[in-house]
Amino acid sequence: MFLVFLFLFIGPSQGEVYKVGDSSGWTIIGNVNYTAWATSKTFHVGDTIVFEYNKQYHNVLEVKEADFSTCTTASPLAKFTTGNDSIPIKQAGQQYFICGFPGHCEGGQKVEIMVHKLTSSSAAPLTSSAVVPSASPGAPPTSPNNAASETHKALYYFSLLVVFVSTLLV
């Protein structure tokens, strides 16, 4: 019974993981529209953004809004250089990221992320027509699509409730 409560409160608390630029990744090649990418997502506190890139040619600098607008690299808030950087989103509001290599930010390798607070009302409501997912137990399903992900979370909660009730009846 303790495990059921543990999964109920801890399991689904993991946020979404977003790969910046989707399949293109973090690059200057191919004219990736990072503004369109970011506006097509809904970011929340607790989510993670992942920058994948060739570290010989790129990096990631988290910067202030003014430095983002002017592509100034002199005083970043944070610098990432591994080529596979997972950055947890810890606060709501705007966050700004640029590539610090000369000319890359000016060429469009920059992204502004609008982060929303995660509220308890953001979960999809349970309905009597909910179906228990066939995913492995103990792990909530994830999806890059937030609407589908919220539905999966609701189904995850429902399946945990079914398990919990069935253990009480045994």
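**Close-up views of two sheets and two nonpolar cores**

Five bridges join strand 3 to strand 6, and these two strands run antiparallel. The legends below describe a predicted model.

**View 1. The open sheet of three strands.** The strand order in this sheet is 1-3-6, and the pairing is mixed. Strand 1 (17-19) and strand 6 (84-88) form the edges, each pairing on one side only. From one strand to the next, the twist averages 20°.

**View 2. Strand 3 and its two partners.** Strand 3 comprises residues 48-52 and runs parallel to strand 1, to which three bridges join it. Val-50 of strand 3 is the bridge partner of Lys-19. Val-50 also stands opposite Ser-86 in strand 6. The pairing between strand 3 and strand 6 is antiparallel, with five bridges.

**View 3. The two faces of strand 6.** In a regular strand, side chains alternate between the two faces of the sheet. The covered face of strand 6 carries Asp-85 and Ile-87. Asn-84, Ser-86 and Pro-88 lie on the uncovered face. Ser-86 is the residue that Val-50 stands opposite.

**View 4. The open sheet of five strands.** This sheet has the strand order 2-8-7-4-5 and mixed pairing. Strand 2 (43-44) and strand 5 (78-80) each have a single partner strand, so one side of each is left without a neighbour in the sheet.

**View 5. The pairing of strand 2 with strand 8.** Strand 2 and strand 8 run parallel and are joined by two bridges. His-44 has His-116 in strand 8 as its bridge partner.

**View 6. The largest nonpolar core.** Nonpolar side chains tend to be buried together in soluble globular proteins. The largest nonpolar core of the model contains 19 residues, of which Trp-26, Phe-43, Ile-49, Phe-51 and Val-111 touch the most other members. Helix 2 (34-39), strand 3 and strand 8 (110-116) are the elements that give two or more residues to this core.

**View 7. The surroundings of Val-111.** When neighbours within four places in sequence are left aside, Val-111 is in contact with Val-20, Trp-26, Tyr-34, Trp-37, Ala-38, Phe-51, Phe-68, Gln-95, Tyr-96 and Phe-97. A second core, separate from the largest one, has seven residues, including Leu-61, Tyr-96, Ile-98 and Cys-105. Tyr-96 thus appears both among the contacts of Val-111 and in the second core.

Definitions and conventions
Residues are numbered from 1 along each chain as its sequence is written. This is a predicted model: local features need pLDDT of at least 70, side-chain atom pairs count only at pLDDT 80 or more; totals for chains, interfaces and linings use all residues. Side-chain values use heavy atoms; hydrogens and water are left out. Two strands pair if DSSP finds at least two bridges between them. Helices (H or I, at least four residues) and strands (E, at least two) are DSSP runs, numbered from the N terminus. Axes are lines fitted to C-alpha atoms, for helices over the stretch in contact, and angles run from 0 to 180 degrees between N-to-C directions. Buried means under 20% relative accessible area, exposed over 50%, partly exposed in between (1.4 Å probe, protein chains only). A nonpolar core is a set of buried Ala, Val, Leu, Ile, Met, Phe, Trp, Tyr and Cys residues joined through side-chain atoms within 4.5 Å. Contact means heavy atoms within 4.5 Å.
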